[in-house]
Amino acid sequence: MRKLLYGLILALALSSLFPAAAHADTAVDEAAFVAKINGLRGTLGLAPLQVNANLTAKARTWSAGMAAAGKIWHSSLSDGITENWMKLGENVGMGGSVDGLHKAFVNSPHHYENLVDPAFGYVGIGIAMNGSTIYVTEEFMQLMPPKAPVVTAPATPVKPPLPKPTTTTTAKPPAPKPPAPAPAVAAVKPPAPPATTITTTAAAAPSSAEGPATPVAAAPTDTPRAPSPLLVSVLERLRTFDS
């Protein structure tokens, strides 16, 4: 009875230890894959990949599903990725050892492109076991570049418009018109003084009658008239224009 009890206890202890040992082995193998990938990139002068927790979680879940099904296939790359990614890649395989699987990836052109893609900066490896067969998923990622901070320039104070200069326009006085020429006045000849005519009346023949002859008085002569003031003024103006 005691031997049976000890046997059950030993069986439970061993069953509880195997999963832990299996999990520890897969974690070591996952780290081995990362080291081999970064070693390859180092020979080409490429930056090493950093292990990303989000990628690792997805890779382990996917490998577990393949191990349960006993076959391999690719996932939808964006499923389960919560990072702000820009580019994703994936390798899946099944084999008997880490070294054998890594060499198979290197010898496959499309798998090799993911291993040495300079755009990728992060990796996640997930391993699940089905017996002695390793099922591995390798997830690769490039993150979106960080956004540059937006800097707003201080607003430039707007200067009020300068008042327009007040211009006072003084109207230029019109040029004085030249004096209108005096109307031409035709020279007016002063009226000729009336001709002084002296009429001599012939003396009458003496009558036959005796006695002294009756003297005949001469007709009075016209005295010349003085020029009018208007005429004098016109003549003066004519002299001014002639000079």
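What follows is a walk through the fold, the nonpolar cores and a few individual residues of this predicted model.

Start with the overall layout. The protein has five helices and four strands, and reading along the sequence gives the pattern α-β-α-β-α-α-β-β-α. The chain runs to 243 residues, of which 22% count as buried. Its accessible surface adds up to about 18400 Å², with 65% of that belonging to carbon and sulfur atoms. As for how the chain meets itself, take the contacts with a separation of 6 or more: residues 24 or more positions apart account for 70% of them.

Next comes the inside. In soluble globular proteins, nonpolar side chains tend to be buried together. Here, the largest nonpolar core has 17 residues, and F33, L115, I125, V136 and F140 are the ones with the most contacts inside it. Four elements each give two or more residues to this core: α1 (2–43), α3 (98–107), β3 (122–130) and β4 (133–143). Of these, α1 gives the most, with four residues. Apart from this core lies another one, made of five residues, among them M66, A67, V92 and A128.

I125 gives a good view of the surroundings in the larger core. Setting aside residues up to four places away in sequence, I125 touches E30, F33, V34, I37, T56, A59, R60, V136, T137 and E138. Two of the names on that list, F33 and V136, also appear among the core residues with the most contacts.

Helix α1 also holds T26. With a relative accessible area of 9%, T26 falls under the 20% limit and so counts as buried. Beyond its sequence neighbours up to four places away, T26 touches I127 and M129.

Helix α3 has two faces. V98, L101, H102 and F105 are buried in α3. These four cover an arc of only 100° around the axis, so they sit on the same side of α3. K103 and N107, on the other side of α3, are exposed. The start of this helix has a polar contact too: a side-chain oxygen of S97 comes to within 3.1 Å of the backbone nitrogen of G100.

L101, one of those buried α3 residues, turns up again in the surroundings of G95. G95 sits in strand β2. Leaving aside neighbours within four places in sequence, G95 is in contact with L101, S132, T133 and I134. G95 can also be placed relative to V136: the two are 41 residues apart in sequence, yet their C-alpha atoms are 8.5 Å apart in space.

Now for the aromatic rings. A search of the whole structure turns up two aromatic pairs. W62 and W73 make an edge-to-face pair, with 5.4 Å from centre to centre and 70° between the planes. W62 lies in helix α2 (residues 53–69), while W73 lies in the loop between α2 and β2 (85–95), so this pair ties together parts that are 11 residues apart in sequence. Are these two tryptophans buried, exposed or partly exposed? W62 has 23% relative accessibility and counts as partly exposed. W73, at 34% relative accessibility, is partly exposed as well.

The other pair is F120 with F140, which is stacked: the centres are 5.7 Å apart and the planes 25° apart. F120 belongs to the loop between α4 (109–115) and β3, and F140 to strand β4, so the pair ties together parts that are 20 residues apart in sequence. Both F120 and F140 are buried. F140 is also one of the residues with the most contacts inside the largest core.

The two phenylalanines of this stacked pair share a neighbour in N114. N114 has its place in helix α4 and is buried, with a relative accessible area of 15%. Which residues does N114 contact, apart from neighbours within four places in sequence? They are G89, E90, N91, F120 and F140. With E90 there is a polar contact: the backbone oxygen of E90 lies 3.3 Å from a polar atom of the N114 side chain. N114 thus has both F120 and F140 among its contacts, and those two residues are buried like N114 itself.

Methods
Residues numbered from 1 in each chain as written. Predicted model: local features only at pLDDT ≥ 70, side-chain atom pairs only at ≥ 80, totals over all residues. Heavy atoms only, no water. Core = buried A, V, L, I, M, F, W, Y, C linked by side-chain atoms within 4.5 Å. Buried < 20%, exposed > 50% of the residue type's maximum accessible area, 1.4 Å probe, protein only. Contact = heavy atoms within 4.5 Å. Arc of directions from axis to C-beta. Polar contact = N/O pair within 3.5 Å; in protein donor to acceptor, adjacent residues only side chain to side chain. Areas by Shrake-Rupley, 256 points an atom, 1.4 Å probe, with all protein chains shown as cover. Phe/Tyr/Trp six-rings, centres within 6.5 Å; stacked < 30°, edge-to-face > 60°.
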